[in-house]
Amino acid sequence: METAADSREYRVVFFCPASNARLERLEVPVRRLLSRIQAPPAELAPLTEAGALTEAGWQVYLVRSLTERSAAQAMAAYVSEATCALAAEVDAEVLGLYVDVSGDSARICRCGPEDGPETFAGRRQAALHRTSEWLEVAPASLSALFQLDPPDAEYEPDADDRFVEEKLREARTLMERYRTAK
């Protein structure tokens with residue numbers, strides 16, 4: 001028997017460029033995924049209180065469960081797939097974020113329409129920092145969005161984080177060279 005998970009304990013959010021984001025276009029791939037994975041019913045709801053994110057050019061959409069069972073929890077393993085489907089639909093880069101509010105974990109994915117997914121999973125604070133870097137917004141704007149404690153300003157990446165960041169920078173440089181050579 002499946003256990004019910006409170007829908008307030010999990011969040012799945014998608015960040016789309018405001019110029020490309022149209023709710024009716026975004027709902028189709030999300031509903032298709034929810035149906036395929038037999039998740040509880042949900043809707044994609046624009047978050048109007050996104051403030052700094054909206055000013056930075058992002059439209060933010062929350063997967064809102066229509067029952068107490070959490071569609072967001074069901075989508076946790078499918079954040080990359082959903083993000084890439086949305087990127088293809090809007091023909092722009094999309095970032096997907098899954099947060100376990102009661103736990104200390106999060107998963108993010110950034111995907112462009114022609115790029116493979118770039119993912120990160122780990123502790124919530126590290127994921128929120130990475131998300132803020134990718135979106136080029138202050139970490140506090142994400143914390144406020146989820147009503148979480150702000151990320152620690154003293155956060156220092158460890159050797160593994162620095163290694164991964166360096167490899168990501170190298171990959172971005174190589175991808176940019178490849179795109180300009182086309």
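Ala21 touches Cys16, Leu26, Gln59 and Tyr61, once its neighbours within four places in sequence are set aside. Keep in mind that this is a predicted model. From Ala21 we can move on to helix α1, and then to the salt bridges, of which the whole structure has seven.

**Around Ala21**

- You'll find Ala21 in the loop that runs between β1 (10–17) and α1 (23–36).
- Ala21 has a relative accessible area of 7%, so it counts as buried, the cut-off being under 20%.
- Glu89 sits 68 residues away from Ala21 in sequence, yet the two C-alpha atoms are 9.5 Å apart in space.
- Leu26 is worth a second look: it is one of the contacts of Ala21, and it is also among the buried residues of α1.

**Helix α1**

- From its first C-alpha to its last, α1 reaches 20 Å with its 14 residues, and that is close to the 20 Å expected at 1.5 Å a residue.
- The buried residues in α1 are Leu26, Glu27, Pro29, Val30, Leu33 and Leu34.
- What lies over them? The cover for these buried residues includes the strands β1, β2 (42–46) and β3 (58–65), along with the helices α3 (71–75) and α4 (79–90).
- After α1 comes Gln38, which has a positive phi, near 55 degrees.

**A salt bridge inside α1**

- Glu27 and Arg31 pair up through their side chains in a salt bridge, at 3.6 Å from N to O.
- These two are four residues apart in helix α1, so about one helical turn separates them.
- Glu27 plays two parts here, as it is on the buried list for α1 and is a partner in this salt bridge.

**A salt bridge between strands**

- Glu43 and Arg64 form another salt bridge, with their closest N and O atoms 3.4 Å apart.
- Because Glu43 is in strand β2 and Arg64 is in strand β3, the pair ties together parts that are 21 residues apart in sequence.
- Both partners count as partly exposed: Glu43 has 30% relative accessibility, and Arg64 has 36%.

**A salt bridge between loops**

- The side chains of Asp104 and Arg123 also meet in a salt bridge, at 2.9 Å from N to O.
- Asp104 is in the loop between β4 (94–100) and β5 (105–111), while Arg123 is in the loop between β6 (118–122) and α5 (124–135), so this pair links parts that are 19 residues apart in sequence.
- Asp104 is partly exposed at 37% relative accessibility, whereas Arg123, at 56%, counts as exposed.

Key: Residues are numbered from 1 along each chain as its sequence is written. This is a predicted model: local features need pLDDT of at least 70, side-chain atom pairs count only at pLDDT 80 or more; totals for chains, interfaces and linings use all residues. Side-chain values use heavy atoms; hydrogens and water are left out. Buried means under 20% relative accessible area, exposed over 50%, partly exposed in between (1.4 Å probe, protein chains only). Contact means heavy atoms within 4.5 Å. The expected span of a helix is 1.5 Å times one less than its number of residues. A salt bridge is a side-chain nitrogen of Lys or Arg within 4 Å of a carboxyl oxygen of Asp or Glu.
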